[in-house]
Amino acid sequence: MAAFLGASRRSLVNSSKHIYQFTRSQASQAIQKSPFQSNILRILRNEIEYQLDYAPPHPPVTKFNTFMVEDRPGEQWITLRRKFGKDEHIKIEATMIDGAITVPKASDENLGEDVRLHISVLVDIWKGEGSEFLEFVCSSWPNSLEIQKVYVLRSDGSRAQPYMGPNVKDLNSGFLDGLNEFLKARGINDELSSFLHEFMMNKDRTEAIGWLRKIQSFIEN
């Protein structure tokens, strides 16, 4: 009887080992990536490493001159804020690079064209809670800021009056110069435009690497 029980116990242990080894083998096969997935992951890792080596992004700044800078990770725009004088509030919203134009090269010796990148900018200026505000629609180029439209809006963002105003470029050049001086006095100038382009180039690299890592994580898991 003792011999029979011993043989039975050994048979049960060997069977358990066989089942464990079979289950472990099945699990290993289940989590093994297909050649297609492995190839995609390899390409993603190489691209991330290349981006980090070629032009590694740096942490976004949180201040530019008198403006506080609010980055929005994962979104395509940023916000800048400041106060001017006793009761004036300024908010700037800028998109990531959203367009480009070609222009002749500056040097006469070099034929061809250069590319100028474009950023859309909204500048809101108001005094006190519930007051009407001015909204400037601007184009930001790498070395200049151009006013395209000026609106007078209520505090809820609706039009203060049905007439939205003319195209400022069609008005007397002195009036447009006055609007530019109005913005420059508040730190909204060509220097700010250059900063926006530098910031957005860095943000574009940061967002691209983050996007690649999300895809990598999804495929890995």
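**Leu80 first.** I opened this predicted model and went straight to Leu80. Leaving aside residues up to four places away in sequence, I found that Leu80 touches Phe67, Met68 and Val69. Its other partners on that list are Ile90, Lys91 and Ile92, along with Leu192, Phe195 and Leu196.

**The core around it.** Next I looked up the largest nonpolar core, which has 28 residues. Leu80 is among those with the most contacts inside this core, and so are Ile92, Val123, Phe136, Ile147, Ile188 and Leu196. I then asked myself which elements each supply at least two residues of this core. On the strand side I noted S2 (67–70), S3 (77–84), S4 (88–95), S6 (113–127), S7 (133–141) and S8 (144–153). On the helix side I noted H3 (173–184) and H4 (190–220). H4 gives the most, with five residues. A handy reminder for my margin: nonpolar side chains tend to be buried together in soluble globular proteins.

**A second core.** I also came across a separate core of six residues, and Leu44, Ile48, Ile209 and Ile219 are included in it.

**Stepping back to the whole chain.** I counted four helices and eight strands in the protein chain. How does the pattern read along the sequence? I wrote down α-α-β-β-β-β-β-β-β-β-α-α.

**Totals, for the record.** The protein chain has 221 residues, and 28% of them are buried. Of the contacts with a separation of 6 or more, 49% come from residues 24 or more positions apart. I put the accessible surface at about 14800 Å², with 55% of it belonging to carbon and sulfur atoms.

Definitions and conventions. Residues numbered from 1 in each chain as written. Predicted model: local features only at pLDDT ≥ 70, side-chain atom pairs only at ≥ 80, totals over all residues. Heavy atoms only, no water. Core = buried A, V, L, I, M, F, W, Y, C linked by side-chain atoms within 4.5 Å. Buried < 20%, exposed > 50% of the residue type's maximum accessible area, 1.4 Å probe, protein only. Contact = heavy atoms within 4.5 Å. Areas by Shrake-Rupley, 256 points an atom, 1.4 Å probe, with all protein chains shown as cover.
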